[in-house]
Amino acid sequence: MSPNDLVLTPNGVRFGGRRLPCSIGKGGLTYDKCEGDGATPVGTHRIVGMYYRPDRILRPADWARPIGPGDLWSDDVNDIAYNHHVRAPYDFSHEHLRRADPLYDLVLVMDWNWPNAQPGKGSAIFIHQWRRPGYPTEGCIAFSRSDLHWLAARVQPGTRVIVPMLG
């Protein structure tokens, strides 16, 4: 492991010499991720994208892509674009990236089940802002707004996110 890796520990994520409190999926950690189980997948993942709301925050990095009103993420196991960014109008089940709440104002996309997604193995596993400390996610890793912005300014495409099975 390198200091440039994000490493989940029982006390938060270690990165860049700091420990950042975080929340994980309400289903805990799993080796066998399934769509809708609420679990965070165990493994070594990579950051492959960054999206942000330009109407709410400044561009956090030069490689970040703006989230517009039609930006969605497919979570439909019957969709050929399952676990990929798609645009509205869209007939398959999806998540809106442009939300009323601030959770997706800044989103780091991990390569879990991407780019060659296997239907049912989980979608939209992101790093994003938490609702509040300790409040679980649907399988993502979530941070306080300030810690998320600190991370976004320092990670690069390809940064490893290491999620071990914690005892």
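Two strands count as paired if DSSP finds at least two bridges between them. Helices (H or I, at least four residues) and strands (E, at least two) are DSSP runs, numbered from the N terminus. The model is predicted: local features need pLDDT of at least 70, side-chain atom pairs count only at pLDDT 80 or more, and totals for chains, interfaces and linings use all residues. Residues are numbered from 1 along each chain as its sequence is written, and side-chain values use heavy atoms, with hydrogens and water left out.

**Figure 1. Strand β12 pairs with β11 and with β13.** β12 and β13 run parallel and are joined by three bridges. β11 and β12 (residues 126-129) pair in the antiparallel sense, over two bridges. Isoleucine 127 takes part on both sides. Leucine 108 stands opposite isoleucine 127 of β12. Isoleucine 127 also stands opposite isoleucine 141 in β13. In a regular strand the side chains alternate between the two faces of the sheet.

**Figure 2. Strand β14 pairs with β1 and with β6.** β1 and β14 run parallel, joined by two bridges. Valine 7 has isoleucine 162 of β14 as its bridge partner. The pairing of β6 with β14 is antiparallel and spans four bridges. Here arginine 46 has arginine 160 of β14 as its bridge partner.

**Figure 3. The largest nonpolar core has 30 residues.** A nonpolar core is a set of buried Ala, Val, Leu, Ile, Met, Phe, Trp, Tyr and Cys residues joined through side-chain atoms within 4.5 Å. Buried means under 20% relative accessible area, exposed over 50%, and partly exposed in between (1.4 Å probe, protein chains only). Leu6, Met50, Ile127, Ile141, Phe143 and Val155 have the most contacts inside this core. Two or more residues come from each of β1 (6-9), β2 (12-15), β6 (43-52), β11 (106-110), β13 (141-143), α1 (145-152) and β14 (160-163). α1 gives the most, with four residues. A second, separate core has 11 residues, including Tyr51, Val107, Val109 and Cys140.

**Figure 4. Methionine 50 and phenylalanine 143 are among the residues with the most contacts inside the largest core.** Contact means heavy atoms within 4.5 Å. Methionine 50 lies in strand β6. With a relative accessible area of 1%, methionine 50 is buried. Leaving aside neighbours within four places in sequence, methionine 50 is in contact with Pro60, Ala61, Trp63, Ala64, Arg65, Leu106, Val107, Leu108, Ala152 and Val155. Tryptophan 63 is 13 residues from methionine 50 in sequence and 7.1 Å away, C-alpha to C-alpha. On the same basis of neighbours within four places left aside, phenylalanine 143 is in contact with Val13, Leu20, Pro21, Cys22, Ile127, His128, Gln129, Trp130, Leu148 and Leu151.

**Figure 5. Histidine 128 is buried.** Histidine 128 lies in strand β12. Histidine 128 counts as buried because its relative accessibility is 5%. Residues up to four places away in sequence are not counted among its contacts, and histidine 128 touches Leu103, Tyr104, Leu106, Thr137, Cys140, Ile141, Ala142, Phe143 and Leu148. Tyrosine 52 is 76 residues from histidine 128 along the chain, yet their C-alpha atoms are separated by 10 Å.

**Figure 6. The largest pocket is lined by 26 residues.** A pocket is found on a 1 Å grid over the protein atoms alone, as an open set of points where a 1.4 Å probe fits, with protein on both sides within 12 Å along at least five of seven lines; lining residues have an atom within 4 Å of a point. About 390 Å³ of space lies in this pocket. Grid points are joined across faces, edges and corners, and the volume is the space filled by probe spheres set on the points. Glu95, Tyr104, Thr137, Glu138 and Gly139 lie nearest the centre. The lining divides into nine nonpolar, eight polar and nine charged residues. Ala, Val, Leu, Ile, Met, Phe, Trp, Tyr, Cys and Pro count as nonpolar, Asp, Glu, Lys and Arg as charged, and the others, Gly among them, as polar.

**Figure 7. Cis peptide bonds precede proline 89 and proline 115.** Most residues other than glycine have a negative phi, and most peptide bonds are trans. Alanine 88 and proline 89 are joined by a cis bond, with omega about -5°. Proline 89 is in the loop between β9 (85-87) and β10 (94-96). The cis bond between tryptophan 114 and proline 115 has omega about 5°. Proline 115 is in the loop between β11 and β12.
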